[in-house]
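Colleague: Walk me through this one, please. I'd like the general idea behind each feature before the case itself.

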Amino acid sequence: MAFWKPDTIAPGSSIDRAVERESADEGTLLVLGRESNTSLYEQRQQLPIAKHRRELLYLIETHQVTIVVGRTGSGKTTQLPQYLHEAGWSAGGRTVACCQPRRIAATSVAARVADEVGCTLGREVGYTVRFDDCSDPKITRIKYLTDGMLFRETLVDPLLSRYSVIMVDEAHERSLYTDIIIGVLKKILKKRPELRIIISSATIDAKAFYEFYNTNSTGQPSQENVAITSLEGRMYPVDVLYLAEATSDYILESVHTVMKIHQKHYPRMRNTIEMLPLHGSLPYEEQKRVFEPAPKSTRKVIFSTNVAEASVTIDGIVYVVDAGFVKLRSYNPSTGMESLCRAGRSGRTRPGKAFRIYTEEGFSKLSANNTPEIQRSNLMTVVLQLKALGIENVLRFDFLSAPPAEMMIRSLELLYSLKALDDYGRLTIPFGTSLAEFPLDPFLASTILNSHRFKCGAEILTIAAMLSVQNVFVVPSGQRREAEEERRKFAVEEGDHLTYLNVYNAFIRSNRSAKWCYQHFLNHKSLQRAVSIRNQLSKYASRFGIPIQSALRSHNRDNSDGDDDDDMDGDDDGSASCQVRKCLVSGYFAQAARLQIDGTYKTVRDNVTLHIHPNSVLFQRSPPWIIFHEVVETTKVFMRDITVVEPEWLVELAPHYYKHESRRN
Ligand code: CDP
Ligand code: MG
């Protein structure tokens, strides 16, 4: 039995008492869609930020950098860009940019603001996220984009000259690219005194931003060119309730809490629950479902990662049950592996009540260890892009919080091994410069840039597109065995990458049929997305002069008996499969592992213990040498998306990286 300790109610109050304090007509758990009866215009006027409109515009006019602190829901993201637009900052073909750490926030907020402005999304108000550009440079005046995309734009337009104002939103989250953008903008400001920066943060602790910008070129505090302001108040009060005693099962406790709140409010009414997931890797179409109003007599319950914490606003949320988990990307420089793991962190607050499935004491411990992402990430892409911007000495770059030097050095070494950097640490031409421009992680982008050496551009583009989408295989509960059988039809003993290739080619042969996907337990939307991503990637490939040859086609032609079957299986295709796998090794050599006697794996150079993910077609096969695309950390450290390789390929294709290994063997 869990007891709740609200910060406004006496300690030890039970959840039942807390729930009772709510009036029944506010009976909305997490989300209950409700028709709004105020017009969008009136709603805008009622937001806490509306009172500050004049003050904000004045501060922005008179300061290069304005730091705006305001709680979630006060109107920063949706209103500030509109105020600037209305005040003329977007006149003369200029654009107001608002960059977000998360894709889903950029797309959903843009849609909302387009509604408020009264235009079609993609016209005056638009968004740009990776692989999806819904904006028109000639027409779009307010543009929401991910911080990663804004950084990417500096490669084409180093001074970001088309923007008059750049708002760095959710800066308190300290996402990797937010930090980079903050650093790059400091450089740009020196060259563009007329540019305006807004740093928006939902936490009070904005001093770091203030101090970072409020210095002159010699590093001394300068005259006031930075303003800081706070929008006090929020739309609705939120009571925060903590568990009085820690629980051992957060998930179960969360479900219990949901059911208790639900039953408390509608003890007699028939009120069904509609459950919806929400996480960053969910296909956009499915993410959108959480924003739709719930059907009549239905209570929406959204199970979400921390993406819902601050970045997205969903209408009608009343209760938040916070298990205290957050998905954090972490990078271990000594192994060079990036992994997704789950760690505890602070909760969120929303209008209504927040039930935290941990104690108040636990909360203070959790929020303390929120390290900026830049200090726990693989910095290869960042290093590449900073170098492409002409920042040669990345170790001396003015970071808001500098990443540990060993992480930088590890990234430099990997980039050197990929041949993206020369002996002097400069970007190689054209390989390094092309790699910096590719919208993929450097390992995967390298395989595409190297594909001409192995005459397998067509296959590698497909594999790269498939690795860029999620959940290709569908496993409905209750049909696990059938789904498994279907999957086996596509499986190749060389591993997951070639299996993806088979799935994709079969999908194309089916004329991209949704029915065919359904029959084979494949995700139609993911595959459609893969087709679109492949098209975009092939445009990059041709821009960089990479021929799109097919290893399989050329092999079949050589054997002259080749039918038109694109499947990678059987001995006939052995050499085509080798070409593709060697090409994969040319990018992923650093993520190679070797089978141990006890059935586990160890990375070849750093001896880190790993396991094959149960979803891999190689699970239970245990090939002696493999490369993997990524690791996920749950109960163990699992490798995902794996391909069988030959050990001599590693030394052949990455002689610098494996020079000690080759001497030892
Ligand atoms: O950025 P901040 O958290 O300060 O607030 P916002 O995202 O600009 O949201 C301001 C208000 O707009 C919210 O309180 C919601 O009422 C509304 N909103 C909405 O209804 N739907 C959205 N997709 C976004 C915002
Ligand atoms: Mg916001």
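Modeller: Let's start with the vocabulary: helices (H or I, at least four residues) and strands (E, at least two) are DSSP runs, numbered from the N terminus. This is a predicted model, where local features need pLDDT of at least 70 and side-chain atom pairs count only at pLDDT 80 or more, while totals for chains, interfaces and linings use all residues. Residues are numbered from 1 along each chain as its sequence is written, chains are lettered from A and ligands numbered from 1 in the order in which they are written, and side-chain values use heavy atoms, with hydrogens and water left out.

Colleague: How many helices and strands does the chain come to?

Modeller: There are 25 helices and 21 strands. As for burial, "buried" is under 20% relative accessible area, "exposed" over 50%, and "partly exposed" in between (1.4 Å probe, protein chains only). Of the 665 residues in the chain, 56% are buried.

Colleague: What is the mean pLDDT of the chain, and which elements have the lowest and highest values?

Modeller: pLDDT is the predictor's confidence in each residue, from 0 to 100. The chain has a mean of 81, with 77% of its residues at 70 or more. Among the elements, helix 1 (residues 15–20) has the lowest mean, 35, and strand 7 (residues 163–168) the highest, 98.

Colleague: Where does pLDDT stay under 50?

Modeller: One such stretch is residues 340–351, with 69 contacts beyond four places in sequence in the model; a contact is heavy atoms within 4.5 Å. Residues 559–564 are also below 50, and that stretch has four contacts beyond near neighbours in sequence. For the chain, take contacts between residues at least 6 apart in sequence: 71% of them join residues at least 24 apart.

Colleague: Now a strand. Which way do the residues of strand 2 point?

Modeller: In a regular strand the side chains alternate between the two faces of the sheet. In strand 2, Val65, Ile67 and Val69 point one way, Thr66, Val68 and Gly70 the other, and all are buried. That fits the count for strand 2 (residues 65–70): six of its six residues are buried.

Colleague: And which strands does strand 2 pair with?

Modeller: Pairing takes at least two DSSP bridges between two strands. Strand 2 pairs in the parallel sense with strand 8 (residues 196–201) over five bridges, where Ile67 has Ile199 as its bridge partner. Strand 9 (residues 226–231) also runs parallel to strand 2, joined by six bridges, and there Gly70 is partnered with Leu231.

Colleague: How many aromatic pairs are there?

Modeller: Twelve, from a search of the whole structure. Rings of Phe, Tyr and Trp (its six-membered ring) pair if their centres lie within 6.5 Å; planes under 30 degrees apart are stacked, over 60 edge-to-face, the rest tilted. Take Phe443 and Tyr588, a tilted pair at 5.6 Å centre to centre with 55 degrees between the planes. The two are 145 residues apart, with Phe443 in helix 16 (residues 442–450) and Tyr588 in helix 23 (residues 574–588), and both are buried. Ring pairs also link Phe438, Tyr540 and Phe544 into a cluster.

Colleague: Which charges sit over rings?

Modeller: The test is NZ of Lys or CZ of Arg within 6 Å of the ring centre and within 35 degrees of the ring normal. Lys186 lies over the face of Phe212, 4.2 Å from the ring centre, and the charged end of Arg487 sits over the ring of Phe473 at 4.4 Å.

Colleague: How many disulfides does the structure hold?

Modeller: Zero, with a disulfide being a pair of cysteine sulfur atoms within 2.5 Å. For Cys98, the nearest cysteine sulfur, that of Cys99, is 6.8 Å away.

Colleague: Why is Cys134 not bonded to Cys119?

Modeller: Because its sulfur is 9.7 Å from that of Cys119, the closest one, which is too far for a bond. Cys134 counts as buried, at 19% relative accessibility.

Colleague: What about backbone oddities?

Modeller: A cis peptide bond joins Ile429 and Pro430, with omega about 5 degrees. Pro430 lies in the loop between helix 14 (405–417) and helix 15 (431–437). Arg512 is a non-glycine residue with positive phi, near 55 degrees, and is partly exposed at 39%. Asn607 has a positive phi too, near 60 degrees; Asn607 is in the loop between strand 18 (601–603) and strand 19 (609–612), and is exposed at 53%.
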